[in-house]
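Thank you for making time this morning. I would like to walk through one chain with you, beginning with a single helix and ending with the whole.

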Amino acid sequence: SPDLLTFGESMVSLRSAGPLCAGGSLGMHVAGAESNVAVGVARLGHRVGWAGVVGADPHGEFILRQLRSEGIGVQHRVDGSRSTGVMFLEQRTADVTRAFYYRAGSAGSGLDRDDVDRALQNGARVLHLTGITAALSPEARRAVEYAAARAAGEGREVSLDVNYRSKLWSRDEARAVLTPIARHASILIASDDELGLVAAGPGQSGGADDAESAMAAELLDRGVREVVVKRGAAGAGVHTAAGRWETPAVPVTSIDTVGAGDAFTAGYLSALLDGEDIAGRLQRGALAGAFAVSTAGDWEGLPRRDELMLLGATPSGTT
Ligand code: ATP
């Protein structure tokens, strides 16, 4: 059985070098938060499974070939009645990238409970979920709810990255669906502006740091073991019942920030699989995130284990 199992929608992403309105050539890539994490964890030497649905088209075949070539165990279903989802990615500036989706009604969005059931039969130490899949369709939402409850019931590690996508649903819709799912997570991962989608928090009183601590405390009370907060170029932090840890980002030249969060998650979960402590998990997450922002592509630049030292070790400590 794999060390890590994840499932979701992967799409063909068409990347432009400049503004899309100016036309020009497009590069064909695989995009998908869960497959990004799958690639990251596989490159770091773990056994990884990915489940998803693709159309009966070259786009779907491309996705499967790419994931297999990264050594990922692919458990897919082909839906001949729908197309593989597509997105255009316009890197407008080094720091600003815009996505334009052509994914509504896609094959990948039809992922259902049976797909997930098949994938879960092989077991896995860690099940990694994202809020994106829950936003795709009612079937996909039920698949995430089912997988989270089942894996948690079987005593597996469940990692949930909130990964809010405003193009897919409103914050209120996301909150209503993700708050109950988060109860099953042992590891809850969010950007600093996403914590409020899974915890109520203290309202308007106090500063941002107080609000984060209050929301983290609420999640820990509900059974989450590690609340991981991503802060972009400001690094990342973890709240547990035992205290709070912070790591700065690894200083690099940022050329393409897409995929930094998924890379961080891959590094964090890889270190967890290796039995590293919280500080070690944060450190590997920050290193993998730094690889993602300082290389082109969502996942192409992710490190193999023997490449982690290329960006050096970063200090990390307890606060
Ligand atoms: P995205 O959705 O774009 O992938 P995210 O909000 O999920 O982003 P970020 O917090 O932006 O994730 O990035 C994840 C991690 O990657 C950060 O915690 C940090 O360690 C690293 N990182 C992000 N931006 C930079 C940067 N400019 N320089 C170095 N490291 C970075």
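Helix H5 covers residues 138-153, and because a helix is expected to span 1.5 Å times one less than its number of residues, these 16 residues should span 22 Å, which agrees with the 22 Å between the end C-alpha atoms. When I say helix or strand, I mean a DSSP run, of H or I over at least four residues for a helix and of E over at least two for a strand, numbered from the N terminus. I should say early that this is a predicted model, in which local features need pLDDT of at least 70 and side-chain atom pairs count only at pLDDT 80 or more, while totals for chains, interfaces and linings use all residues. Residues are numbered from 1 along each chain as its sequence is written, and side-chain values use heavy atoms, with hydrogens and water left out.

Which residues of H5 are buried? They are Ala140, Ala143, Val144, Tyr146, Ala147, Ala148 and Ala151, where buried means under 20% relative accessible area, exposed means over 50%, and partly exposed lies in between, with a 1.4 Å probe and protein chains only. An α-helix has 3.6 residues a turn, so residues three or four places apart point the same way. The buried residues of H5 pack against several elements, among them strand S1 (4-7), helix H3 (113-120) and helix H6 (171-182). Just after H5 comes Gly155, with a positive phi of about 80°.

In the loop between S9 and H6 we find Asn163, whose phi is near 40°, a positive value in a residue other than glycine. Most residues other than glycine have a negative phi. Asn163 counts as buried because its relative accessibility is 7%.

Ala242, by contrast, is exposed, with a relative accessible area of 71%, and Ala242 sits in the loop between strand S12 (236-240) and strand S13 (243-247). From Ala242 to Gly55 the distance is 46 Å, C-alpha to C-alpha, with their positions 187 residues apart in sequence.

Turning to the whole chain, there are nine helices and 14 strands, and 55% of the 319 residues count as buried. The C-alpha atoms fill a box of roughly 50 × 40 × 40 Å along the principal axes. Taking contact to mean heavy atoms within 4.5 Å, we find that, among contacts between residues at least 6 apart in sequence, 69% join residues at least 24 apart.
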